Amino acid sequence: MKIIILGAGQVGGTLAEHLAHEENDITVVDTNSERLRELHNRLDIRTVTGPASYPMVLRQAGGEDADMLIAVTNSDEVNMIGCQVAHTLFRTPTKIARVRATAYLTRKGLFAHDAVPIDVLISPEQVVTDHIRRLIEYPGALQVLEFASGQAQLVAVKAYYGGPLVGQELGFLRRHMPNVDTRVAAIYRRNRPIIPRGDTIIEADDEVFFIAARRDIRAVMSELRRLDRDFRRILIAGGGNIGERLAENLEHSHQVKIIEHNIERCTALSERLDRTVVLHGSATSKRLLLEENIEDCDIFCALTNDDEVNIMSSMLAKRLGAKKVLTLINNAAYVDLVQGGEIDIAISPQQATIGSLLTHVRRGDIVNVHSLRRGAAEAIEAIAHGDSRSSKVVGRAIDEIDLPSGTTIGAIVRGKEVLIAHDDVVVESGDHVILFVVDKRRIRDVERLFQVGLTFF
């Protein structure tokens, strides 16, 4: 595909990196020539320096024959006008834009073919908020991903000493829990992936990705670690868009407090939120945290737009007795450094957003893509089409499908039924197939599996 990316920031740069390795023709546009030079030296891509919404700049970037435009600059307005120009002048088939401001997102009919022609809207704040909300729903999980409208979930947990399954073969899980169907899709041991088999033994500190129907998630988690009690008291550092949305989602079921340093923002938050307690002050203030009984806090969420404040306030909160800390970190290089020590969960907003973008770039009928392990692996939800003649998956049992190496099928969602992927399960047309891909170089092969042959037409 010929793809133009507007914006070479964290999301644009990470996306270019993902797509350049997959044999796409990528052009990145930005006003920052130094950032473009750094990307060009590292990746096999074209770069164009200039304002991303200017017609001449888009023409120079190859707008006349581009398959897709992805606008992820820091300006909503530039992203919107870039899509408008691409539509009006070049009739670009697919236009994706990141739009942050709620003032735009809440206006019905604004983003339509005859208005602002954006085919797919990405709101990073909403994506990250949903991600954090799911982690709060399942205390102890490192990542929780939803497929088929939430019917199936893929959950990552760290196996702990004393968990019933630790030291046992995976086959033991099925005997031990005969009424719960699940499949371990991948295991990461000391940061290296292991493709699980029935005789694979779970070790303490393994990062285990398993898939199950939503109703069975807690039961499976209890096999790998002692279940944490449900979170009730939540303290949020930072009352920005993500902090506000999270408080709005949780305030009717949890006790929520927000610490915000800007007094005007505090006033606005207190007017818009119903039950959340809004505190004016610094999240790195030891006195304020102690006054607010940080030792009784179930989870401390550091969600300011400053990485250093998030990291330092999280470490301080943990030292003062917060049971769990979750930290938002924009600099992807920091994420692996801090997670697993005093910081329980580190979240990269770029990686959370990338999955939403990749869903629309993948070939075949791909309805969901989640980036895992900071982009090292992917979980994909694909819909199978055709019949046994035109499709490489339909009409075949799972053990008959020629899967690329490093790829496992975790589950199939058929209507309202979640079928865990045992070898004898046969794929039918219309099934939502959930795959885990450890080797990113195999993504193209996975996509080809779900592309229908000509006989189908």
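This is a short tour of a predicted model, moving from its domains to a group of aromatic side chains.

**Domains.** Start by colouring the chain by its domain assignment, which gives four ranges: domain 1 at 2-122, domain 2 at 128-224, domain 3 at 233-350 and domain 4 at 352-450. Next, show only domain 1 and domain 2; their centres, taken over C-alpha atoms, are 37 Å apart.

**The annotated ranges.** Now select residues 1-122 and 231-347. The unreviewed UniProt entry annotates both ranges as "domain: RCK N-terminal". Keep residues 1-122 on screen: helix makes up 38% of this stretch and strand 22%. The C-alpha atoms at the two ends of the stretch lie 20 Å from each other.

**Aromatic pairs.** Hide that selection and turn to the aromatic rings, where the structure holds 2 pairs. One of them joins Tyr188 and Phe209 in an edge-to-face arrangement, with 5.9 Å from centre to centre and 70 degrees between the planes. To see what this pair links, display strand β9 (residues 182-189), which carries Tyr188, and strand β11 (residues 207-213), which carries Phe209. The two residues are 21 residues apart, and the pair links distant parts of the chain.

**Burial.** Are these two side chains buried or exposed? Switch on a surface and look at each in turn. Tyr188 counts as buried because its relative accessible area is 4%, under the 20% cut-off. Phe209 is buried as well, at 1%.

**The cluster.** Finally, add Phe436 to the selection. Together with Tyr188 and Phe209, Phe436 makes up one aromatic cluster.

Technical notes:
Residues numbered from 1 in each chain as written. Predicted model: local features only at pLDDT ≥ 70, side-chain atom pairs only at ≥ 80, totals over all residues. Heavy atoms only, no water. Domains from an automatic or database assignment. UniProt positions renumbered as here; feature names shortened; annotations may be inferred. Helix = DSSP H or I, 4+ residues; strand = E, 2+ residues; numbered from the N terminus. Phe/Tyr/Trp six-rings, centres within 6.5 Å; stacked < 30°, edge-to-face > 60°. Buried < 20%, exposed > 50% of the residue type's maximum accessible area, 1.4 Å probe, protein only.
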